[in-house]
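User: Please take a close look at the contact between the two chains, and then at the backbone residues with unusual phi values.

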Amino acid sequence: MSDASILKIEGLEAKVADEDLPILTGVDLEIGKGEIHAIMGPNGSGKSTLAKVLAGHPGYEVTSGSVLFQGSNLLELEADERSQAGIFLAFQYPVEIPGVSIANFLRTAVQAHQADGEELDIFEFSDILTERMELLEMDVTFAERHVNDGFSGGEKKRNEILQMAMLKPKLAVMDETDSGLDIDALKVVASGVNTLTEEDPEMSILLITHYQRLLDYIEPDRVHVMVDGRIVRSGGPEVAHQLEAEGYRGWSEANSIADGV
Amino acid sequence: MPQNETIQDLGLDEYKYDFVSETEPVFRAEKGLSEEVVRQISAHKEEPEWMLEYRLKALDVYNSKPMPKWGGDLSSLEAVLDEIYFYVRPQEQMERSWDDVPDEIKNTFEKLGIPEAERKILAGVGAQYESEMVYHSLREEWAAQGVIFDSIEDGLKNHPELFREHFGTIIPMHDNKFAAMNAAVWSGGSFVYIPKGVSLDTPLQAYFRVNQERMGQFERTLIIIDEGAQAHYIEGCTAPVYTTESFHSGVIEIVVKKNARFRYTTIQNWSNNMYNLVTQRSMVHENATMEWLDGNLGSKLTMKYPSCYLIGEGAHGEIMSIAYAGDGQHQDTGGKVVHVAPHTTSSITSKSISKGTGRSTYRGLCKVHKGARHARSNVECDALLINDTSRTDTYPYIEIEENDASVGHEASVSKIGEEQLFYLASRGIAKDEAMAMIVRGFIEPIAKQLPLEYAVELNRLIEMEMEGSVG
C-alpha cells in the first residue's frame, strides 16, 4: 500500500537525548491514508516516546532507523516544520500558556501553516474558528480563555481537539488522549475526533492508549501492541479485546512489567 | 549680575547667527554641575528669584549627599556626570540632523511602523508634529473646562501661585541625591492642573506639547488633580528615546485630592548607555485613587520606584509595572506604598523579564504607619527568565506598625520551559515567535491596561527583542 502510505517507520531506535538508555528499540509501523491505528502497551513501553519522537521533541535523539512521512524523510525536519507538513500531536499533558488567548494562539498557529508569505485574513480566520467550534459543539467564549490555564482535564483535551480541527493535519498522533477523563468527557472528545475523520476521510490517526475503552468510541482499523520499545504484535480490533481479557503480561518479554489493565 | 552681562554669559547674542551657520557654536552650559551652570539655567528661563534660590539650595543638598550604596551599580556614574552638559538650550537639540541618528534607532522606528514625523520628534530632530491640529481642538476643549496642560516652565510663569503651592512639596529636594540634582537643574516636563469635578475622557499625552521643551534629561513634572476630578496622563512611547547624553534623572510629583482619580502611564525605552534614575511620587487624599502604570525598557541602569502616599482615609494606590532587562541591562524597579490614613488600600503588580545577561530587580516597600488602621495591601511580583545567564532578585520590604493591617506578598520566578516551546512548535510556531508569545502572555495582565496603540507597540517591540534569542 505504499502509494497510499502516509507514515512509514522502519527500525526506529531512540533514546533520551542526554542519557544512554534506549527507549525505542526498533519500531516498524506503516499507516495508510485515512486509516486509524492504535498502539497499546503497558506503562514504560515507549508509546509516548514514539509520539514525541514523531512530533520532533528535542529531548529525544533518534539513533537508528527511518521515518517517511508522505514519502519524505521526517527526521530532518524541526518540530514546527513537521506541524506545517501535516503532523499533529495531541498532548497527553497539554501545556499552559498564561496570558495568551486560545483565539490568538490559534491564529498564530494557522498563520504558521499558510504558504510562505500568505497573510491570514483575520475575518476569515474568525469565521472558520466559529464554524469549527460549532462543529465540535463548543461555546465560542472558550476561545477567549488563556491556553490551558486553569483548565480541567476534559477542557484541556477538548482544546487539543479544537486545535486539530483548526490545523486539519494529515496525521494526528493522539497521545493518551483518554487519560484522566471520566466517561462523559471521553465520549465528548471521541465524538470530536469522529466528526473530524468523517469530515476528512483521508486524515490518518495514530491513537496511543493504555486502555481499551477509548477504542469503544473510536474504532481502529489496526491495533498494535508495544512492549519494551517495539511493536510485538499487530492485528485488527480483536487484538484490543484480547488484551482487555488477558492483560499485557503475556506480551512482555521480561514478564516483569506491571499489568496496567 | 547686571542684565547685559548675563546675556553675554548666555551667549544669547551669538544665537541669531545660528540661523545662518549651523557650524557656529550655540550656547550650552559648561560640562559638569556647578553654581554657575545653575544660575545660567535659571537666568535663561527668566525665573523668579525664589526659584533661583531653590535651585542653589538644592545644589548644596546634592553636593552634601553621598551616592546611594544600594540598588544598581553607580560606580562609574560620577565620571559620567563630570562629562555631561547639565543644560543644553532646547533649540540646539532640535537642530540635530536626522542623519546623525544611528541606524539601529531608525530601523526600530521602521519596524514599529512609527510615522515619519513622529520618528523625528522621538529622535529629537524635528520641531513640528503633524497632529498639532488634532491637539489644537482638544486644547480648546480642555481650556474651556479650566484644565491647564503646559510645559513646566510655562506653569511657573503663568500660574505662579498654584505652582509654588505644590512644587517640591511631594518630593522635597532632601529626599534623595538625584531629587536634589533635579531640583537644581530641572528643565522641561509638564505642568497639569485638572479643576474640581472635571473628568477628562481623552488622555493627556505628553507628546501633544509641541514646540515647547519636551522631556529633557532633567524633566520635572507637577500634576495636580483637584477634588473629584478624573484624568489619565501618558508619557513616553515604546520607541527608543534617542539622546546623545547618557543620563536621565526626572522628578514627577502628583497630588490627587479628595475623591479624585488619576492614572499616570509611562512607557520608556532608553538607549542602552543610559543611566535612568527617576523619582515618582503621589500624595493621595481621602477616597482618591492613584494608579501608576510604568513600563521600563532599555537603559544601562534604571532605578525607579513609583510611590503612593495614602494620606487620606480610604485612599487607594495601585502600581503596575513591567521591566525588560536585555543584555547588559539592569532594571532595578518596583514600587512603594505608604499607608498613613485608616482604611487605605494598595496593590503592587510587577512583572519583569530578563534576557541574555540582563538583570531585573524588584525592590518594593509596603509601609503601614501607626494610625493607618485596617490598611490592606497586596504585592505580586513575577519574574520571567529567558536564558540561563539572565538574573532576577526580589527585595520586598514590609514595615507594619498596626496589628490589624492585611498585607499579602507573592513572588514567582519562571523560566521559559522546553515543554512550552515544544508545545508551540508542535503547532507550527517557530521558536522566536513562540518566545515572543510566551513573553506577551506573561505581561498580558498589565499590557491589557494600556491604551491599544501602546499595547500594540509594546508587543511588536517584544517580538523584535525576542528575535534571535534562541540559539
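Analyst: The contact is described before the two backbone positions.

This is a predicted model, in which local features need pLDDT of at least 70, side-chain atom pairs count only at pLDDT 80 or more, and totals for chains, interfaces and linings use all residues. Residues are numbered from 1 along each chain as its sequence is written, while chains are lettered from A and ligands numbered from 1 in the order in which they are written.

Chain A brings 21 residues to the contact and chain B brings 19 residues, where two residues are in contact if their C-beta atoms, placed from the backbone, lie within 7 Å. On the side of chain B that touches chain A, α13 (418–425) and α14 (431–447) each supply at least two residues; helices (H or I, at least four residues) and strands (E, at least two) are DSSP runs, numbered from the N terminus. The most comes from α14(B), with 8 residues. By character, this side of chain B holds 9 nonpolar, 4 polar and 6 charged residues. Here Ala, Val, Leu, Ile, Met, Phe, Trp, Tyr, Cys and Pro count as nonpolar, Asp, Glu, Lys and Arg as charged, and the others, Gly among them, as polar.

Turning to the backbone, most residues other than glycine have a negative phi. A:Gln70, not a glycine, has a positive phi of about 50° and lies in the loop between β4 (60–69) and β5 (72–73) of chain A. A:Lys168 likewise has a positive phi, near 45°, and sits in the loop between α5 (153–167) and β7 (171–175) of chain A.
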